[in-house]
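Dear colleague,

I am handing over the structure below, and after it I describe what was found. Please keep the structure open beside the text as you read.

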Amino acid sequence: MSTTEGTDTGWTVVIADDHPLVRDAMRHALTQSLPNVTIIDAASFDEAKVVVDRLGTADLVILDLNMPGMNGFTGLAAMRAAHPLVPVAMVSATTDETVMRRAIEFGAAGFIPKSAPLETIAEAIGQILEGQVWLPPAAVYGGTEAGTSRQEIAKRLRELTPQQLKVLSMMSQGLLNKQIAFELTVGEATVKAHVTAILKKLGVHSRTQAVIAARLLDMKTAE
């Protein structure tokens, strides 16, 4: 376990990965984009948990999906349960889009492939620190639209009506159709129609994909 400190205490980031080279790459991306950053290394989930428990908080925790102690998404869920206000980004060698989307479902603020260029890693971390959710666009839409850009996602969000945006926002909060209907004082069938329209306009096939698309842009671009 090691600590790299910036010139002034600004951001505090915990990088947990059992491969030193990966930690070095992440550290390089962070120091290049965030000059005032304190970085603390950990080689396992247990080490990372001890660090965050000791700190009480952190601006970001980066967890390797397959390092010792993670047990799949169990480690992510445990970290989120212990520190719900701390954003957690997952990193992995996998480029499986289903795995990436599952990570967001379990509460990750982003999923960064280890094969991503340093510039992309820095961009992803920057957006997560700004409160957004980051995924490669292909993970939102799947292989059929792997080239879909964030600008295209924003364009599609802008095509939603104000009522559809409200429904999507409530979907992002985890509300079910019945709960959304109650909040909007409309029938459940109306909400189902809105959801169907939202999926069609966004070009996605599930509520999860729609929610990820909204979270990627924090709904702000669509407003």
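**Cores and helix contacts**

In this predicted model, the largest nonpolar core contains 29 residues, and those with the most contacts inside it are V61, L63, M79 and M90. At least two residues of this core are supplied by each of β2 (11-16), β3 (37-42), α2 (45-55), β4 (60-64), α3 (74-82), β5 (88-92) and α4 (97-105), and the largest share, four residues, comes from α2. If you select M79 and leave aside residues up to four places away in sequence, you will find that M79 touches F45, A48, K49, V52, V61, L63 and V88. Apart from this core lies another one, of 23 residues, which includes A89, I112, L129 and W134. As a general background, nonpolar side chains tend to be buried together in soluble globular proteins.

Two helix pairs are also worth following. Helix α1 (residues 20-33) packs with helix α5 (residues 118-129) at an angle of about 65 degrees, their axes being 9 Å apart, and the crossing of α1 and α5 is right-handed. On the α1 side the contact is made by A25, M26, H28, A29, L30 and S33, and on the α5 side by L118, I121, A122 and I125; by class, these are eight nonpolar, two polar and no charged residues.

Helix α8 (residues 162-172) and helix α10 (residues 188-202) pack at an angle of about 90 degrees, with axes 10 Å apart, so α8 is roughly perpendicular to α10. Here Q163, Q164, V167, L168 and M171 of α8 meet V191, H194, V195, A197, I198, K201 and L202 of α10, and the contact divides into eight nonpolar, three polar and one charged residue.

With best wishes

Notes. Residues numbered from 1 in each chain as written. Predicted model: local features only at pLDDT ≥ 70, side-chain atom pairs only at ≥ 80, totals over all residues. Heavy atoms only, no water. Axes fitted to C-alpha atoms, helices over the stretch in contact; angles between N-to-C directions. Left-handed = near helix turned anticlockwise from the far one by under 90°. Contact = heavy atoms within 4.5 Å. Nonpolar A, V, L, I, M, F, W, Y, C, P; charged D, E, K, R; others polar. Parallel < 35°, antiparallel > 145°, perpendicular 65-115°, else oblique. Core = buried A, V, L, I, M, F, W, Y, C linked by side-chain atoms within 4.5 Å. Buried < 20%, exposed > 50% of the residue type's maximum accessible area, 1.4 Å probe, protein only.
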